[in-house]
Amino acid sequence: MGDEKVKNEAMEIMGLFQVLPRLVVFDLDYTLWPFYCECRSKNEKPSMYPQAKGIMHAFKDKGVNVAIASRSPTPDVANAFLQKLEIKSMFVAQEIFSSWTHKTEHFQKINRKTAVPYNEMLFFDDENRNIQAVSKMGVTSILVGKGVNLGALRQGLSEFVKNSASVEKNKEQWRKFSKEPGSSKSDAQ
């Protein structure tokens, strides 16, 4: 399936959801492309998973920003590949550095650069430890098996909508609570 066809199908899927994330963050190795950067030479010609590029273009066309969070120990290779694939300019933030923090540091930097709250982000990664750590920050996080594809997109948007609804429900409960007699906020008034 070509990039344009994937993009159109991804846009149809996005059209089914009332709420979209403000920022979608992608890992690189085994999420956007089927290899580890540190095992490759920056002189090679890289390739992406078949549906990844179309999905990223669909997000951009829908007005959703995209970013990268990668723990690659070879950011020079990763950046060379992003350049060769002609996608480097798509990303509003590119945090590519080796880390033992399971990407929490990457997300803190992305949050500072973009000012997008964690609960308005969607993240795709192939490592469960990263998914677990970033989920605890409030980011909707999706584990991918063989790269980002339309199935992962559908799952990610479904989870994002479910999480958004629960955040809104909690905000509404807090508003009700703060207006009740005996709550510290209403007592102070």
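**Figure 1. Ala115 in its loop.** Let us start with Ala115, which is found in the loop between α4 and β4. In this predicted model, the phi of Ala115 is near 65 degrees, a positive value in a residue other than glycine. Most residues other than glycine have a negative phi. Is Ala115 buried or exposed? With 56% relative accessibility, Ala115 counts as exposed.

**Figure 2. Lys103, a residue in the loop between β3 and α4.** Here is another residue that is not a glycine but has a positive phi, this one of about 80 degrees. The loop that holds Lys103 leads from β3 to α4, the helix of residues 104–114. How accessible is Lys103, and what does Lys103 count as? Lys103 has 1% relative accessibility, so Lys103 counts as buried, since buried means under 20%.

**Figure 3. Glu95 and the residues it touches.** You will find Glu95 in strand β3. Its relative accessible area is 5%, so Glu95 is buried. Which residues does Glu95 touch, not counting residues up to four places away in sequence? Ile68, Ala69 and Ser70 are among them, and so are His106, Lys109, Ile110 and Lys113.

**Figure 4. The largest nonpolar core.** This view turns to a core of 40 residues. Phe26, Leu32, Phe59, Phe91, Phe124 and Leu153 touch the most other members. Helices that give two or more residues to this core are α1 (3–15), α2 (52–61), α3 (75–84) and α6 (150–179). The strands that do so are β1 (23–26), β2 (65–70), β3 (91–96) and β4 (121–125). Which element gives the most? That is α2, with five residues. In soluble globular proteins, nonpolar side chains tend to be buried together.

**Figure 5. Phe91 and the residues it touches.** Leaving aside residues up to four places away in sequence, Phe91 touches Leu32, Met56 and Leu82. Phe91 also touches Val66, Ala67 and Ile68. A second, separate core has 14 residues, including Val25, Ala93, Ile110 and Val139.

**Figure 6. Stepping back to the whole protein.** There are seven helices and five strands to find here. Following the sequence, you meet them in the pattern α-β-α-β-α-β-α-β-α-β-α-α. The protein has 189 residues, and 45% of them count as buried. Among contacts with a separation of 6 or more, 68% join residues 24 or more positions apart. About 9800 Å² of the protein is exposed, and carbon and sulfur atoms supply 50% of that area.

Technical notes: Residues numbered from 1 in each chain as written. Predicted model: local features only at pLDDT ≥ 70, side-chain atom pairs only at ≥ 80, totals over all residues. Heavy atoms only, no water. Helix = DSSP H or I, 4+ residues; strand = E, 2+ residues; numbered from the N terminus. Buried < 20%, exposed > 50% of the residue type's maximum accessible area, 1.4 Å probe, protein only. Contact = heavy atoms within 4.5 Å. Areas by Shrake-Rupley, 256 points an atom, 1.4 Å probe, with all protein chains shown as cover. Core = buried A, V, L, I, M, F, W, Y, C linked by side-chain atoms within 4.5 Å.
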